[in-house]
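Q: Could you take me through the aromatic side chains of this model, and then through the charged side chains that sit beside them or pair with one another? I would like one connected account, with distances and burial given wherever they help.

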Amino acid sequence: MSFLKDIKPHKTAWRVQVKVLHSWRQWNKIAGDSLELILSDANGTKIHASCKKTYMGQLASKVPVGKWINIDHFGLTGAGRTYRTTNNVYRMNFVHNTSITPSTLHIEDNFLDLVDFDSILRGKPDINILIDVIGQVLDFGDLETIHCTGGKERKKLEFTLRDISDERLPCCLWGTYAENVYTACQEAEDGFIVCLLRFAKIGNFRGEVQISNAYDASQIFINPDIAEAKAFQQRDCVDSQAITISESADNKIEKKIVRDKWMQYQLKNIVELLESTQIEQCRVVATICAIDTDWGWYYFGCLDCSRKVYPESKTVKRVNGKEVLSYVWWCEQCQKLVYSVSPKFKIHLLVKDNIGESSFMLLDSIAKGIVPQSAEYLLNGSLDELEDTSSFPEAINSLIGQTFMFGVYIENNNATAGGVCYKVGKVWKDLRMLKMGENSESYSAHTEGTTNSYGAEAHLMLHDSECVETVSTPSSKRKSGENNEAPDITSTSKKPCTKLIKKEKK
């Protein structure tokens, strides 16, 4: 009997003892119909196994999921590069004399290899290897029907997963995976859903890290009976609830219960925000009165790390008789030249309420929740730095005069330098359902003894779930000097601004 780490492809006369973790049928043009398996030995070492249609009749019934089996005689090939279900460099193939028998070993272990969200967001895992993740489902949207090539339709569901450390990770599921999660969220009486996604794919959509199912190779479990899921339930006992409003395509407003960390934080007016000397988070209701054009409205981010890149060169080449621009950038984080980038929002706002003014900064994941068009769309293919700051796209201009509730980070430079520019971690754009009176009592404990200009009624907000985004780049990772100069926000008039402003340099 051998362990999976010891088997090599130089022979087929191996005997292993493994547990069947997952199985599914697969078809492709080259191999045709096959049965795919993920197996694990007692040490947790995993391997992908394949059974051709030729041997399915005699072997398929002998590999039930969850059972321990003995496998004798099999071939080994290279695991390939992409969509690898395990980190094993080999792939097991059943052959004509493969023998499978029940094993006397019984270990009740799912052999999870959970990857923490922080590692995923930092780009540490190999994106070619499928991973296991677990998190609480937040901010799920509508179940969409997507028309694919060939006339086929597929269901799609986007939501956010929150891990036990409160890191947030975008997730997009397709097909039956999307339908199953959506149904579970709709049927959950308390709105509490923990999702375990096994053998999930790490992707990149518009420059943002995203988790999705890898066709039928993935597994999904809702509120699984495991210790990792129970840890979420224990934390949930002390968490509060915030009601989210999401608007469907037919403009029907539905109430959905979603736990939201931000709703636990105090609602401050701008004067209270500016006077804060503690590093903390809070919520502020304010109206955008101007855009600070000095900072521009976009930057180009590296596709690998999403950090800002800097222009290195721009050359003109002739391709098929046409002049084509070729760009090269330098990424400080990756310490390398990059040849493809992703446009990202970075918008500095001047905001005000009825007693004060301040400056807020929205990074890409937040800004695209309230700007109706993407940065890539607004640039229309341009890869040049901003030269003319006298006019911004109408999609950004349209923010002026609008009122939002902002989730604001009070960071070290804010607390010690009298304000400066505050980073926004969340935005609520629908304030029509501001709850009054009795509903505010749920959050009065967080603001006890504090008075602000909005009164006690403003403690509980309902917001558009499509606009809820979480900042993924910690402030400690931003380059110093980018946002640290205190903006000139002195107002000479109480009338709201209706245009972009260019600040005078002192």
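A: In this predicted model, the structure holds 10 aromatic pairs. One of them is formed by F360 and Y422, whose ring centres lie 6.2 Å apart with the planes at 85°, so the pair counts as edge-to-face. The two rings come from distant parts of the chain, since F360 belongs to strand β24 (residues 357-363) and Y422 to strand β26, with their positions 62 residues apart in sequence. As for their surroundings, F360 is buried at a relative accessible area of 0%, and Y422 is likewise buried at 0%. A further edge-to-face pair is made by F404 and F406, with 5.9 Å from centre to centre and 65° between the planes; both F404 and F406 are buried. Elsewhere, ring pairs connect W297, Y298, F300, Y327, W329 and F345 into a cluster.

The charged side chains can be taken up from strand β26, which contains K423 as well as Y422. K423 lies over the face of Y409, at 4.8 Å from the ring centre, and K423 also forms a salt bridge with E411, where the closest N and O atoms are 3.3 Å apart. This salt bridge again links distant parts of the chain, as K423 sits in β26 (residues 421-428) and E411 in the loop between β25 (403-410) and α9 (412-416), 12 residues away. The cut-off for burial is under 20% relative accessible area, so K423, at 4%, counts as buried, and E411, at 11%, is buried as well. K423 therefore combines a place over an aromatic ring with a salt bridge while being buried.

A second contact between a charge and a ring is found at K11, whose charged end sits over the ring of W14, 4.2 Å from its centre.

Turning to the salt bridges as a group, the structure holds 18 of them. R15 and D72 make one, with their closest N and O atoms 2.7 Å apart. Because R15 lies in strand β1 (residues 15-28) and D72 in strand β4 (residues 68-72), this pair ties together parts that are 57 residues apart in sequence. The two partners differ in exposure, as R15 is partly exposed with a relative accessible area of 31%, whereas D72 is buried at 14%. K156 and E158 form another salt bridge, the closest N and O atoms being 3.9 Å apart; here K156 is the buried partner at 13%, and E158 is partly exposed at 31%.

Lastly, R162 is placed in strand β10 (residues 153-162) and is buried, with a relative accessible area of 2%. Its side chain makes a polar contact of 2.8 Å with the side chain of Q136, and a polar contact of 3.3 Å joins the side chains of R162 and D166. R162 is thus a buried arginine with polar contacts to the side chains of Q136 and D166.

Note on methods
Residues numbered from 1 in each chain as written. Predicted model: local features only at pLDDT ≥ 70, side-chain atom pairs only at ≥ 80, totals over all residues. Heavy atoms only, no water. Salt bridge = Lys/Arg side-chain N within 4 Å of Asp/Glu carboxyl O. Helix = DSSP H or I, 4+ residues; strand = E, 2+ residues; numbered from the N terminus. Buried < 20%, exposed > 50% of the residue type's maximum accessible area, 1.4 Å probe, protein only. Polar contact = N/O pair within 3.5 Å; in protein donor to acceptor, adjacent residues only side chain to side chain. Phe/Tyr/Trp six-rings, centres within 6.5 Å; stacked < 30°, edge-to-face > 60°. Lys NZ or Arg CZ within 6 Å of the ring centre and 35° of its normal.
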